[in-house]
Amino acid sequence: MKLLSRKATCNSHGQDSSYFLGWQEYEKNPYDDVRNPTGIIQMGLAENQLSFDLLESWLANNPDAASFKRHGQSIFRELALFQDYHGLPDFKKALVEFMAEIRGNRVSFDPNKLVLIAGATSANETLIFCLAEPGEAFLLPAPYYPGFDRDLKWRTGVEIIPIQCNSSNGFQITQSALDEAYQEAQKRNLKVKGVLITNPSNPLATTISRDELNRLIDFVTAKEIHLVSDEIYSGTVFDSPKFVSVAEVLMDRNLENTEVWDRVHIIYSLSKDLGLPGFRVGAIYSNDVTVVSTATKMSSFGLISSQTQYLLSAILSDTKFAKNYIIENQRRLKKRHDMLVSSLKNAGISCLKSNAGLFCWVDMRHLLSSNSFEAEMELWKKILYDVGLNISPGASCHCTEPGWFRVCFANMTEETLNLSMQRIKAFVDSIVATTTTTNHADTRGQRQLDRNSRRRSLTKWVFRLSSYDREPER
Amino acid sequence: MSSIMGWKQQQHHLLSKIANSDGHSEDSLYFDGWKAYDKDPYHPTQNPNGVIQMGLAENQLCFDLIEDWTKRHPEASICTAEGIKGFKDIATFQDYHGLLTFRKAVANFMGKVRGGRVTFDPDRIVMSGGATGAQELLAFCLADPGDAFLVPSPYYPAFDRDLRWRTGVQLFPVICESSNNFKITMAALEDAYRKAQEANVRVKGLLITNPSNPLGTVLDRDTLKSLVRFINQKNIHLVCDEIYAATVFNHPNFISISEIINEEDISCNRDLIHLVYSLSKDMGLPGFRVGIVYSYNDAVVNCGRKMSSFGLVSSQTQYLLASMLSDNEFVERLIEESGKRLATRHKVFTAKLLEVGITCLKSNAGLFCWMDLRPLLKESTVEAEMALWRVIIDEVKLNVSPGSSFHCTEPGWFRVCFANMDSETMEVALQRIQSFVRKPKEAAEVPVAVKAKPLRNNLRLSFTRTRSRRFEEFVMSPHLISPHSPLVSART
């Protein structure tokens, strides 16, 4: 008899994908400006490290919150005992107000409809457990965050059918793509329970347009299915068009107390907007009483540490601070984004025009040796090993067009970003130099490219799976 | 547009079976007592006639020591001036391996709790969302939907949720009885195993809680060895929940499964052995959600680690505990002092109960007693137990946990917690019990007042069935926080 479960022995956790292999290589040879200046620069990690100074100075000015005290009185004991899965009331109140502030207060949220869970990873899984059976399916616009393959499918047994988006229209979600995905599910005899979008999008870094949101709401209304909107990047929108939450569209269309109202659910987290992924703060927001009730009970499997709830409740209840944080953080993100985009442009590389997120969706199709995923992998490896940058290949995000890469810009210093851009420029220049020595881009040129890349290899890289795996991040 | 009621019903078909089921087990009576407490909670000055919570296995006896430590070590917090330089690195740390310092500190603590008789490998420590998350994680790793675990009864009620709800795994009880002090017998094990086979259900493992909840007892060496032999022979897993390991306050000593598998006369496939641990009971920190899966099976460690993404311990908390639990002097003092204080509580509690003729199962661990109220039952039925329980809640104003909620097969046993309150409150609770037992009762109109078996001090008790109450249908769970806590600004 097999000792372990099927879940334990399959690889639905998705961790054999290249998305994670890049990290492994980075771990073996990480860049450090002093100790390892030729090491690999991590650009595959969607972290927000730009605004810690704001949080640190808040803590310096608020010593009570920092030391388990409230009005000078110690509350250590109460926090240590607090395991109520309804969550700390003050924290939920502060969190929904923060969410409203991010949406320009065009919508408001009811703390009683918010369920706290340890991270968006857990929130997404929990919501799917509430909405779908094993063998049922959710439609997701592709390209999408690789971690969804684990979070939505692994232990739930639910399937993902991609809604194919492509560069011809800036990867927007079209009606025909929606319909095709639905039909694909039917062909595969999979009952569709809902659509899950990430807005702003990972990896595209764009906000979903009002037209698309309307289309999606009409679609889930007609099909009588759910719409899950993962709005984890909602606070990172630094440019127009401004963020439009699905909650806003529902209000604007007066859909409160109609059928679809109960079927639209929002996922949130503080991992991206506040840059606190270690604290495991996730949330589900739903108008459906049963979903809230069930998800609340399920949150027992991953509650947020009470000391963390308390700390964040103190920070976010300082609404003046929170408001200023949002604005300043967005300003810094825009600056970084603009840096990356203009540097890449300087190297002849364009990005999908974006206004949000901690990364850009970069178009390197012109650098591929052929229009294939093999060529994309080959280019990715070159960039990883020869150029020394870990970026995320589009294939790992289920993109159907080879040559797109997600490149993060908010998880390093400005100096490091500049260095990475120099390396890219040097790499592109050398390719251009090589190919212009041949008269036409043909197999001879390809052979030349190969020889050059082999010569440029810094070391004999043995491409093997490292036994050391790590937590996948967005 | 169809009526609101119509589509609301239809909506429920749009949710999963899990969402529509009662697999969360919160309709169990285990929670009804909390609801009663929640509506009318005791407070020494504001509500002295309220219900005293004795259904909550919390350890509140050593906060002063822990709190004092945190005050003396501000650098253990990433938020204080002394610790702020670590804020950024910790706040961004979401590696599911967990902080190495945290794992080392937990391994160190676990070893000390077991008197240094075993050591634990930090690389086998996998985090989870509390022991609740740990149990579910192991179930996902070890069993497929439809498979079963054997679990000795009486057992912790929430296992029904933790092991079964989202995993689709079943539980088959291994029935333990008072005739031999609820020891686990081979006959009962084989019986449970056979029942599963007859039902065509594949048994994947045996889950034991040692020290036991609700019994408060530890498993002896012989029993542990025979359990190991049993699971090896059947080639099934052994999951040992040792969440109460440091609450052993008296002889006999606690023997961990980690010790047993090292013994010479035991040949055990280590791939079958897994521990669940937590800091919720031993240290009284349930709010911090520190659950641990410790497996001797490499594949389970690897898979479990990936699954731990769904319930990692907050890095802020990891950092604090890494510091606290590597302070050996503090750890040793805490374990020793905790044992002493629990011993005192237990001694006072059981003595006072005995004064009015109430006995408890002889126990040396845990945060509760397994109280024998069979003499107070009008008949040996679950209904009679429930009737007695309602009386205890409504008239004596104590929330205790009836044995049936623990799947005990003999009516009349109740779990009553003694470590989740201050000593004054415990005095009040004991007075209430004593008054209740000593007071003569009158028969009321409706059902039959029945004489119970005579007690040692010759009191005759009779019961009225309580007036039927209309319990509201609760959608939300009971609150576990005192209403006068400064943390709660509004009660939902």
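**Exercise 1. With which side chain does the side chain of Ser258(B) make a polar contact?**

Solution. The model is a predicted one, and within it the first step is to place the residue, which lies in helix H11 of chain B, a helix formed by residues 257–260. The second step is to follow its side chain, which makes a polar contact with the side chain of Ser256(B) at 2.6 Å.

**Exercise 2. Decide whether Ser258(B) is buried or exposed, and list what it touches.**

Solution. Begin with the relative accessible area of Ser258(B), which is 1%. The cut-off for the buried class is under 20%, and Ser258(B) is therefore counted as buried. Then turn to the contacts: when residues up to four places away in sequence are not counted, Ser258(B) touches Arg114(B), Val118(B), Phe120(B) and Tyr296(B).

**Exercise 3. Establish how strand S5 of chain B is covered and which strands pair with it.**

Solution. Step one concerns cover: strand S5(B), which runs over residues 203–209, is mostly covered, since 7 of its 7 residues are buried.

Step two concerns the pairing with strand S3 of chain B (residues 148–153), which runs in the parallel sense and extends over 3 bridges; here Ala148(B) stands opposite Val203(B) of S5(B).

Step three concerns strand S6 of chain B (residues 237–241), with which S5(B) also pairs in the parallel sense, over 5 bridges. In this pairing, Thr209(B) has Asp241(B) in S6(B) as its bridge partner. The connection between these two strands passes through helix H10 of chain B (residues 221–234), and the resulting β-α-β crossover from S5(B) to S6(B) is right-handed.

**Exercise 4. Describe the span of chain B that carries a UniProt domain annotation.**

Solution. According to the unreviewed UniProt entry, the annotation "domain: Aminotransferase class I/classII large" covers residues 52–433 of chain B. Computing on that span, one finds that its end C-alpha atoms lie 11 Å apart, and that 40% of the span is helix while 15% is strand.

**Exercise 5. Summarise chain B as a whole, taking its secondary structure, burial, contacts and surface in turn.**

Solution. The secondary structure of the chain comes to 16 helices and 13 strands. Of the 492 residues in chain B, 62% are buried. For the contacts, consider those with a separation of 6 or more, of which 73% join residues 24 or more positions apart. Finally, the accessible surface of chain B amounts to about 19100 Å², and carbon and sulfur atoms contribute 50% of that area.

How values were computed: Residues numbered from 1 in each chain as written. Chains lettered and ligands numbered in written order. Predicted model: local features only at pLDDT ≥ 70, side-chain atom pairs only at ≥ 80, totals over all residues. Heavy atoms only, no water. Helix = DSSP H or I, 4+ residues; strand = E, 2+ residues; numbered from the N terminus. Buried < 20%, exposed > 50% of the residue type's maximum accessible area, 1.4 Å probe, protein only. Polar contact = N/O pair within 3.5 Å; in protein donor to acceptor, adjacent residues only side chain to side chain. Contact = heavy atoms within 4.5 Å. UniProt positions renumbered as here; feature names shortened; annotations may be inferred. Areas by Shrake-Rupley, 256 points an atom, 1.4 Å probe, with all protein chains shown as cover. Pairing = 2+ DSSP bridges. Right-handed = clockwise from strand over helix to strand, strands pointing away.
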